[in-house]
Amino acid sequence: MSGLRGAADVNRDRRVTLHEAYRFAFDETLKGTETTLGRAQHPVYDIQLVGTGDLVMTDLRETTAVLDIHSSVGGRVYVRDADGRLAAELYKGVGAGAVSLALEPGRYSVVIDDGAKMWRGTVDVRPGVQNELTRAELTPVGAETTTMRGDEVPIDPSQYRVMPFQLGLVYPLTTNKIEKQRKVINRFSLNLILGRAAQIHGVEVSSGGNWVDEDVRGAQLSAGANYVGGNVHGVQSTAGVNIVGGNLRGVQGAAGFNGVGGDALGVQAAAGVNVVRGHMRGIQAVGGVNWARSVAGAQIAPVNVTKEIHGAQIGVIGVAAGKVRGAQIGVINYADEADAQVGVINVTRKGGIYADIWTSDIAALNLAVKFRAKYTYSFLAVGLHPAGQGRGFMSGVGFGGHIPIKQRFYLDIDLATYWAQPQFRFRDNPALINSLRVMFGWQENRRFAVWGGPTLNLDIDFQGGRERMGYGWVVTRAPIDPHEMRVWPGFVVGISL
């Protein structure tokens, strides 16, 4: 993808050909594997083309927005959009000439590793103008400290002192104050009211609150509040509030509020509110509100809010400002785009809201408001049969699945339940009509479709002795004194607008 955006344009003619794209992929793969235990990997191709000249894959002359990386900038280049998604990655030598990348208009962050230093910059890519990233727009950044797998972080004795045990009443009345100069790392900490340390590598317990300036690796338990300025690898539990300024890897449980300033991997559980300002991978479960920037897993709460989710939202109200790759299950669901929504009112911006008009053997005239997701839909409907022994009015709700077949053809299968008033006698006991429909449709355009098919219907008449709504035929009757149950096949034909 980076090559097609322009990184593979070797001859700088602002066109990326098939062979240039392959050469770029070849070089990048070789560079990334030549020092591995599996030895160097050499991509191969099988291309069979007839014609003259090279096949142009990307024409940068026709793009709306282009970022030019100046010839003075060199090293491994990473370009990310405003949401943090990688838009391009490439190696560019210093003085090797400018590289043009075709990008969507917007703000991008660029990180460059020149082998000696790390550089960072931000650039606005606007359509119709020259957008150039020069050396002057980059500032040096320090490399992030990481931990090798299986090893502990090396402790600098000039900066930290390990005090295996800490006992305190309320900060600063604590044994950690014995150390006057260095930061303190505790293995076990017991605080009657409030304790404070730089790091916890073990367990911290308090009846009031715990305060850690940097990281916790282990467990932090209190009856009131826990605060960690850095990351948590382990468990945070309290009857009040948990706050993590960095990332969480583990379990966060509170009777009140859980908050994570970075990303979370694991479980957030609370009676009140869960918040993850970054990406949540795992489960958010709460009695009130879940909020996360993005989710890979599940949100379970009366109210769930996120930008994008890969998994499920389960509750009363589900809101996703972006795409749902999975399902929203609730009474009211909203998303920009969703694979599936199960509820009463389901709204997606890309799926839309439609009006269905149809006739059937139950009611001559039916009208419904349909809420569509990618593969599911729900609807609220009313039906009217104006004359005859089967005259009456009904209203109900339904849910179904949408299966694209080929080109403009599709198959819909749904189940609806109606509260019916035969013969318009609204003071009499109602009838309950359940209708299973199998419909084949033809979609002429986004706002017009024709569909129809067979139905299977079950009517439970709580009054008894009345004709069913519609045209009257019945296959099976089963008296359930004083009620009556009837089953029959039917039909439906309609349009969607």
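Is Y45 buried, exposed or partly exposed? Partly exposed, with a relative accessible area of 48%. Keep in mind while going through the points below that this is a predicted model.

1. Let's stay with Y45 for a moment. Its ring pairs with that of Y22 in an edge-to-face arrangement, at 4.6 Å centre to centre and 75° between the planes. Y22 sits in helix α2, while Y45 belongs to the loop between α2 and β2 (56-59), so the contact ties together parts that are 23 residues apart in sequence. Y22 also counts as partly exposed, at 21% relative accessibility; the buried class needs a value under 20%.

2. On the wider aromatic picture: Y22 and Y45 join F26 in one aromatic cluster. Searching the whole structure turns up 8 aromatic pairs.

3. Helix α2 comes back in the second largest pocket, which holds about 310 Å³ of space. Its lining is made up of 18 residues, and A7, V10, F24, D27 and Y91 are the ones nearest the centre. With 6 residues, α2 gives the largest share of that lining. Both α2 (18-33) and β5 (86-92) supply at least two lining residues each.

4. If you care about the chemistry of that pocket, its lining splits into 8 nonpolar, 8 charged and 2 polar residues. D27 is one of the residues nearest the centre, and Asp goes into the charged class.

5. Now for a sheet. Three strands make an open one, ordered β6-β3-β9, with mixed pairing. The edges are taken by β6 (99-102) and β9 (131-133); each has a single partner strand, so one side of each is left without a neighbour in the sheet. On average, and ignoring direction, neighbouring strands here are turned by 25° against each other.

6. Zooming in on one pairing in that sheet, β3 (residues 66-69) runs parallel to β9 over 3 bridges. For I69, the bridge partner in β9 is L133.

7. Further along the chain there is a hairpin, formed by β34 and β35 with 2 residues between them. Here β34 (residues 476-480) and β35 (residues 483-496) pair in the antiparallel sense, over 5 bridges. If you want a residue pair to click on, A478 has M485 as its bridge partner in β35.

Note on methods. Residues are numbered from 1 along each chain as its sequence is written. This is a predicted model: local features need pLDDT of at least 70, side-chain atom pairs count only at pLDDT 80 or more; totals for chains, interfaces and linings use all residues. Side-chain values use heavy atoms; hydrogens and water are left out. Two strands pair if DSSP finds at least two bridges between them. Helices (H or I, at least four residues) and strands (E, at least two) are DSSP runs, numbered from the N terminus. Axes are lines fitted to C-alpha atoms, for helices over the stretch in contact, and angles run from 0 to 180 degrees between N-to-C directions. On a 1 Å grid over the protein atoms alone, a cavity is a set of points where a 1.4 Å probe fits but cannot get out, and a pocket is an open set with protein on both sides within 12 Å along at least five of seven lines; lining residues have an atom within 4 Å of a point. Grid points are joined across faces, edges and corners, and a volume is the space filled by probe spheres set on the points. Rings of Phe, Tyr and Trp (its six-membered ring) pair if their centres lie within 6.5 Å; planes under 30 degrees apart count as stacked, over 60 as edge-to-face and the rest as tilted. Buried means under 20% relative accessible area, exposed over 50%, partly exposed in between (1.4 Å probe, protein chains only).
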